[in-house]
Amino acid sequence: MKRPISRLSRQFFARARLSVLAGVFGLAGLMPISTAHAAPAALDAVLAAPADATAADVTTRDVAATNEKLRLAFGHMARMWRTELDQIGERFVTPGLARYRGAVRTVCGVMSPGNAAYCPRNNTVYFDELFVAGLAKRASRQLGTDGDMTAVGVIAHEMGHAVAMQLGYISRFPYENEAAADCLAGAFALRADEDGSLEPGDIDESFYGMFTAGDPEPELTGDGRADRRILARAALIGHGTYEQRMANFRHGFDGGPGACLAALR
């Protein structure tokens with residue numbers, strides 16, 4: 001039985017329903033998800049938070065605490081995806097997990113500051129530990145929770161890329177790859193919820209992360225034809241708007257791994 005949605009998550013979805021294209025994602029028909037009791041917060045206040053999460057006063061203790069949560073969650077993800085892929089006759093090779101600060105050169109090129117990425121060439125998930133700890137701290141301040149699932153969601157998304165690529169799924173349209181990774185991150189959240197691994201507030205933290213990580217609105221020219229080309233291109237090359245990212249995550253959370261994997265095979 002799915003949990004009733006929290007007040008903060010209702011605000012996120014209400015805001016998304018106002019601007020999402022009718023009939024594309026069907027957000028109005030989504031089922032409730034969470035009993036998490038995040039502290040009541042106005043959505044405007046959430047959106048007014050600094051865009052650069054790493055600007056928060058992240059301490060050494062914050063980084064260490066976040067890294068430990070990520071280590072534990074990563075092990076959970078690895079076990080889950082090995083089991084899920086084994087059930088469909090596929091093998092999942094657990095990626096490495098590597099943290100860095102500032103920038104780091106890898107076999108996939110330079111990983112930039114304030115980033116996380118999956119490198120298929122050496123099967124490794126990289127993340128800027130200051131950036132990810134900053135996301136958790138920002139979520140904590142805005143939601144009144146510990147913020148950890150916002151950080152975990154970053155790694156779950158990158159693990160989603162690993163799952164998709166190991167299954168041979170690589171679209172020529174970047175957005176489709178990102179949508180698949182968001183769905184798989186939602187599927188991980190569902191499994192964690194089912195096995196009792198989640199704490200109160202974790203689901204709100206997951207959706208908060210998706211909500212705040214949407215692509216910025218493209219700059220339009222005022223010329224109808226040119227703007228249609230700009231919007232069409234933006235729809236194919238980015239991670240997705242906050243509405244899309246929440247909807248893709250929600251698809252995985254509602255439908256589980258099977259809903260995501262079916263689209264990849």
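Begin with the whole protein chain, which read along the sequence follows the pattern α-α-α-β-β-β-β-β-α-α-α-α-α-α. It contains 9 helices and 5 strands; helices (H or I, at least four residues) and strands (E, at least two) are DSSP runs, numbered from the N terminus. The model is predicted: local features need pLDDT of at least 70, side-chain atom pairs count only at pLDDT 80 or more, and totals for chains, interfaces and linings use all residues. Residues are numbered from 1 along each chain as its sequence is written, and side-chain values use heavy atoms, with hydrogens and water left out.

**Colour by confidence**

Colour the chain by pLDDT, the predictor's confidence in each residue, from 0 to 100. The mean pLDDT of the protein chain is 77, and 68% of its residues reach 70 or more. Select residues 1-5, where pLDDT stays under 50. For these residues the model has 17 contacts beyond four places in sequence, a contact meaning heavy atoms within 4.5 Å. Next select residues 12-55, where the pLDDT is also below 50; this stretch has 91 contacts in the model beyond near neighbours in sequence. Where pLDDT is low, the predicted coordinates should not be read in detail.

**The surface**

Display the surface of the protein chain, which exposes about 12900 Å², an area computed by the Shrake-Rupley method with a 1.4 Å probe, where for residues only the protein chains shown count as cover. Carbon and sulfur atoms supply 54% of this exposed area. Of the 265 residues, 49% are buried (buried means under 20% relative accessible area, exposed over 50%, partly exposed in between, with a 1.4 Å probe and protein chains only).

**The hairpin of E4 and E5**

Select strand E4 (residues 116-119) and strand E5 (residues 124-128). The two run antiparallel and are joined by 4 bridges; strands pair if DSSP finds at least two bridges between them. One residue to pick out is Tyr118, whose bridge partner in E5 is Val125. E4 and E5 form a hairpin with 4 residues between them, and in the turn Asn123 has a positive phi of about 50°. Now show the side chains of E4: Ala116 and Tyr118 point one way, Ala117 and Cys119 the other way, and all are buried.

**The two disulfides**

Stay on Cys119, which forms a disulfide with Cys108, their sulfur atoms 2.0 Å apart (a disulfide is a pair of cysteine sulfur atoms within 2.5 Å). The torsion about this S-S bond of Cys108 and Cys119 is about 80°, so the disulfide is right-handed. Cys108 lies in the loop between strand E2 (104-106) and strand E3 (109-111). Cys108 is partly exposed, with a relative accessible area of 31%, whereas Cys119 is buried at 0%.

The whole structure has 2 disulfides. Select Cys183 and Cys260 for the other, with an S to S distance of 2.0 Å. The angle about its S-S bond is -85°, and the link is left-handed. Cys183 lies in helix H6 (residues 174-194) and Cys260 in helix H9 (residues 242-264), so the pair ties together parts that are 77 residues apart in sequence. Both Cys183 and Cys260 are buried.

**An aromatic pair**

Remain on helix H9 and select Phe249, together with Phe207 in helix H7 (residues 202-212). Their ring centres are 5.0 Å apart and their planes at 80°, so the pair is edge-to-face. Rings of Phe, Tyr and Trp (its six-membered ring) pair if their centres lie within 6.5 Å; planes under 30 degrees apart count as stacked, over 60 as edge-to-face and the rest as tilted. Phe207 and Phe249 are both buried.
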